[in-house]
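Reader: Could you zoom in on one spot in this model and walk me through its side-chain contacts? I'd like the cut-offs spelled out along the way, and then a tour of the charged pairs.

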Amino acid sequence: MKNTFLLLFLTAFIVCVARDEKKTGRKMVRFVHNASPKGADLDVIDPNGSPLFRILIPESVTAKNLPDRSLINHIVPGEWGETEGIYWGKIANKDWIEAKIAFMPLKKGTLILFGVRNLSGQTLEGVAMDVCTAVSHIPSPNGAWINPDFVGVSGPPDRDLAGRYWFEKVAPFRLKAFSNGEWIIAHPHPQQPSSVGVPAYKPFIYLDSPAFIMAAESINGKERIFQAWDTPAKARCAFPGNSCLHLEPLLSEKLIPNQMTFIRGEIAVTKASWASISKWNAEQFRHEYEAMKTVLDNLSSKP
């Protein structure tokens, strides 16, 4: 599997070399797009060439006053590039939303700055996005994969088996959202975690209170994958259709025409404890986010 992804880096799917590795001496993750033309669907690959996780950002953006409409999603193709070690993207549904995304690569993850502008002629209320972080990608145009640190299934990658393993073996014990100052299991019925008879996807079930962080522990208990935001998010419970975690962070309570707003986040694999992850704060990376914001602000001046 490692050789397969190493080969991909030497082809047209290579999209980003992380920060100046010659200067820092540290190898960072790389981003591989999963469609052409490129949308906001990326596999994040560690410095050794193995896939860590997949990001759909956004899987969708919605507004409460337009409940049946996706304003933009990860399928929409966009403009992508790299500036001073920051990988960026710009996608737009010209009738509704423009989104700008910046990634600052880390050793096993990425900081994220995400912004949306209201291109519609009406005020949008309760604007939020759905962010999917998956520890497998089946099927995949770049070759199906499973991160074995988090999903313990053998044989060729199988989406159904991986999803059921996640639902039955991971989520009831090791998938948690940080809400109201405590970690809460993100499973609809953790005492009876069988996936038999449970719909693969919808209807989705959410925790009762908003969360800022969601994380899952590896099989050996030594690492955790987490998604964190500086704004409250709906926390979706596990479902058997895929081995992934979902937060739906709030982008804006009210977004007037042509207004733009940004949120800050991080998705990464870490050896940090649950207690340490719960203390995540975007202000720890204020200078990094400022640099990312500068890059995104300059996109507007591009022809």
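Author: Look at the backbone oxygen of proline 139: a polar atom of the histidine 137 side chain sits 3.3 Å from it. Bear in mind that this is a predicted model, where local features need pLDDT of at least 70, side-chain atom pairs count only at pLDDT 80 or more, and totals for chains, interfaces and linings use all residues. Numbering runs from 1 along each chain as its sequence is written, and side-chain values use heavy atoms, with hydrogens and water left out.

The side chain of histidine 137 also makes a polar contact (N or O atoms within 3.5 Å, one able to donate a hydrogen and the other to accept it) with the side chain of aspartate 43, at 3.1 Å. Histidine 137 belongs to strand β9, residues 136-137; strands here are DSSP E runs of at least two residues. Its relative accessible area is 3%, so histidine 137 is buried (under 20%; exposed is over 50%, with a 1.4 Å probe). Beyond its neighbours within four places in sequence, histidine 137 is in contact with Asn34, Asp43, Arg54, Ala144 and Trp145, contact being heavy atoms within 4.5 Å.

Now the charged pairs. There are 14 salt bridges, counted when a side-chain nitrogen of Lys or Arg is within 4 Å of a carboxyl oxygen of Asp or Glu. One of them joins the side chains of arginine 236 and aspartate 130, at 3.0 Å from N to O. Because arginine 236 is in strand β14 and aspartate 130 in strand β8, this pair ties together parts that are 106 residues apart in sequence. Both arginine 236 and aspartate 130 are buried.

Arginine 236 has another partner: its side chain meets that of glutamate 248 in a salt bridge, at 2.8 Å from N to O. Here the link runs from strand β14 to strand β15, with the two residues twelve apart. Glutamate 248 is buried, just as arginine 236 is.

Then there's lysine 271 with glutamate 223, a salt bridge whose closest N and O atoms are 3.8 Å apart. Lysine 271 is in the loop between β16 and α4, glutamate 223 in the loop between β13 and β14, and 48 residues separate them. The two ends sit in opposite settings: lysine 271 is exposed, at 62% relative accessible area, while glutamate 223 counts as buried, at 9%.

Methods
Helix = DSSP H or I, 4+ residues; strand = E, 2+ residues; numbered from the N terminus.
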